[in-house]
Amino acid sequence: MTVRPDATVRPRPFPAGGGLCVKGWTSGSLLDSPHRLTTPLIRDGRDGPLRPAQWDEALSLIAARLAALRAEHGPDAVAVFGGGGLTNEKAYQLGKFARVALRTSRIDYNGRFCMSSAAAAGNRAFGIDRGLPFPVADIADAGAVLLVGCNVAETMPPITRHLNAQRAKGGTLIVVDPRRTATARLADLHLRPHPGTDLALACGLAHLVIADGHHDLDYIERRTTGFDALRRVLAHYWPERVERVTGVPVAAQRAAAAALAGARTALVMTGRGTEQHSNGTDTVQAWINLALALGLPGAPGSGYGCVTGQGNGQGGREHGQKADQLPGYRSIRDDADRAHVAAVWGVRPDDLPGPGQSAYELLDGLGTADGSRALLVFGSNPVVSAPNAGHIERALRGLDLLVVADFVLSETAAIADVVLPVCQWAEESGTITNLEGRVIRRRRARPAPPGVRDELDVVADLARRLGAPGFDADPETVFAELGAASSGGRADYAGITYDRLDQGDGVFWPCPSADHPGTPRLFAERFATLDGRAVFHPVEYAPVTERPDAEFPLRLTTGRVLAHYQSGAQTRRIDELAAAEGAVFVQLNPANAAELGVRDGDMVRVRTRRGAAIAAARVTDDVPVDTVFMPFHWAGDGRANLLTDPKLDPVSGMPAFKVCAARVDRAGERAS
Ligand SMILES: Nc1nc2c(c(=O)[nH]1)N[C@H]1C(S)=C(S)[C@@H](COP(=O)(O)OP(=O)(O)OC[C@H]3O[C@@H](n4cnc5c(=O)[nH]c(N)nc54)[C@H](O)[C@@H]3O)O[C@H]1N2
Ligand SMILES: Nc1nc2c(c(=O)[nH]1)N[C@H]1C(S)=C(S)[C@@H](COP(=O)(O)OP(=O)(O)OC[C@H]3O[C@@H](n4cnc5c(=O)[nH]c(N)nc54)[C@H](O)[C@@H]3O)O[C@H]1N2
Ligand SMILES: [Mo]
């Protein structure tokens, strides 16, 4: 089906030089899909089937059960799990709903699994977390681009256009990825570290830059603190040692360092490959240290950036879905921040709960003595996407009440007690904030099918039923309230209105007042730290990941393919995408395949300390010897997350999705 815009909506070119990938072209087909949920569903008793119900019955039941659980066990008995795909308005309202209507501290969201290590490192080094502190078009002007653990050719195809422009101008592209990906094939130089060893590689490159005298001493003196301590630590990262740890040859390290040092402008950008580790924050910091030593952040065409993930990966993390944050990146621990937001919400500061638990901790605790007994999920499918998913699925099944709002019956919705059918993107209005920090309006293009309700309206209704009035369902009103709550915060939206957004190509935050032009480029003069200087944080490599041993001799890493999105709840239901990539596979190097007697297409069992999954072997030297790769888009016994390690980064709460020890065995007959 094609989406026909209503007459009031004027089509316009997408800002940021955008375009659509295959998932974008086909996304309209889910709007009228037979998979679409169009009525609330209720499960009677623990094991009964889900049956259709009226909205009033569903919402009354939820409100009554939540009130009873809260009365018996206290407000933290109820938890909320949000999503980085929600509009800014919905993300903001969900944070307020948790703190004001439920009064629970237990809210977190899938973005904790996504960019949280880059966010934590950005805050530590620069005093602020904005994916790209510069417009994405800067990529074309970078003499060198270092892309780390980020397969944009499959995960953000529109960016390859900027990379092609960069290359056409004579720029160098360096890709750091254990696998030979579609992105690595575009590169001039491809470094292939063992999964989980990036920190050592980043330190090694910085070591070489400094040893050769290519660091920018003037910049370091004027704009940073902490260089001397860093330099002492980096002394230990000589190239031969780094080669032993990472597997990246000395010559390749030297070539990369020389390309970065020799370029007039250079960008260092990270993706999930380097961030999703139990030392992800320190790893990102190590890449930031390299960028700072080269004097990059703040100059046009230069800097450090995190390539944001989800539909609203940037805005979704700014306005209060995170366990420790209030809107506008305010801190829930800070008295002045609490007082400001409490005033906007019309509550007393003391009534706001404190910080809650990070996503995995929250899910892991469900149903335990201190854990929550009810969970409301808005925009995530943790049965497939959470690490150690077999354990998490059991925890979800054991809850007193699981409520899922979705537009399809995801694997998580399928085990819920109540399912609420909500609008899809084309049926709702709101704003999103892209990877550059540019706030963009998304306009409603068609009415929702009968039976489906707008999520803002659903949450406002639920709040009312819980005795908390003051929740609006009109996106423009909610956005204005978000602006007031964020006013004076780091992600300040106070000067942004729908009218302004309608007049141009979006507005970059911070934008504190109506007459402020917005901030496309951060850090030109100062960083967002108290003294205005960026902070070198000395970080050390330690083999914190599960190491291969006799029982689990391989390294398993996980990630994405072009045709599928995330937990696959949406894309597995689109025929064209299901046909493009129909089932889960595991990439296996020919040397390992030969050892195991596995041929291309054989079904294999992948096992780790958490569990086992079944997948078809894809024998290819795109993965190095002893490293295997599985995408995480499939459900059932093909779930990569039955295998993954939930060990958390101590700063960000990010799980170690990107490396654990594994073994592979033949599982039976050859697949057709
Ligand atoms: N097609 C598609 N596009 C998407 C998504 C999707 O599901 N499908 N999801 C969106 C979202 S939410 C996100 S977060 C982004 C993610 O976008 P990316 O970060 O590009 O995606 P991933 O495939 O998770 O990881 C990138 C690469 O990291 C590599 N890697 C694994 N371990 C390591 C390591 O230790 N070091 C290094 N340097 N690299 C390593 C993997 O081989 C992989 O190629 O994509 C967004 N776009
Ligand atoms: N092994 C492994 N696991 C990973 C990762 C990895 O690289 N490896 N990556 C992690 C990352 S980066 C991410 S972002 C997560 C993503 O994983 P999930 O959080 O599961 O993300 P989605 O699959 O996008 O799930 C979104 C669900 O919400 C629904 N939905 C979409 N939009 C809306 C909306 O507006 N409202 C509501 N109520 N529902 C909506 C969709 O239909 C879908 O069922 O997975 C993480 N898990
Ligand atoms: Mo993500």
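Asp-454 sits at the start of helix H18 and caps its N-terminal end, with a side-chain oxygen 3.0 Å from the backbone nitrogen of Leu-456. The structure here is a predicted model, and that cap is a handy way into the helix. At the other end, just after H18, Gly-467 takes a positive phi of about 85°.

Between those two points, H18 spans residues 455-465, and 8 of its 11 residues are buried, so the helix is largely enclosed by the rest of the structure. The buried set starts with Glu-455 and Leu-456, carries on with Val-458, Val-459, Ala-460 and Asp-461, and finishes with Leu-462 and Ala-463. As for what does the covering, both helices and strands turn up: helices H2 (55-73), H3 (88-102) and H19 (475-486) are included, along with strands E13 (374-378), E14 (401-406) and E15 (418-421).

Two of those covering helices, H3 and H19, also pack against each other, at an angle of about 65° and with their axes 9 Å apart. Angles from 65 to 115 degrees count as roughly perpendicular, so H3 and H19 fall into that class. The crossing of H3 past H19 is left-handed. On the H3 side, the contact is made by Asn-88, Glu-89, Tyr-92 and Lys-96, while H19 brings in Pro-475, Val-478, Phe-479, Glu-481, Leu-482 and Ala-485. Sorted by character, the residues of this contact come out as 6 nonpolar, 3 charged and 1 polar.

Conventions
Residues are numbered from 1 along each chain as its sequence is written. Chains are lettered from A and ligands numbered from 1 in the order in which they are written. This is a predicted model: local features need pLDDT of at least 70, side-chain atom pairs count only at pLDDT 80 or more; totals for chains, interfaces and linings use all residues. Side-chain values use heavy atoms; hydrogens and water are left out. Buried means under 20% relative accessible area, exposed over 50%, partly exposed in between (1.4 Å probe, protein chains only). Helices (H or I, at least four residues) and strands (E, at least two) are DSSP runs, numbered from the N terminus. Contact means heavy atoms within 4.5 Å. A polar contact is a pair of N or O atoms within 3.5 Å; within protein, one must be able to donate a hydrogen and the other to accept it, and residues adjacent in sequence count only if both atoms are side-chain atoms. Axes are lines fitted to C-alpha atoms, for helices over the stretch in contact, and angles run from 0 to 180 degrees between N-to-C directions. Angles under 35 degrees count as roughly parallel, over 145 as roughly antiparallel, 65 to 115 as roughly perpendicular and the rest as oblique. A crossing is left-handed if the near helix is turned anticlockwise from the far one by less than a right angle, and right-handed if clockwise. Ala, Val, Leu, Ile, Met, Phe, Trp, Tyr, Cys and Pro count as nonpolar, Asp, Glu, Lys and Arg as charged, and the others, Gly among them, as polar.
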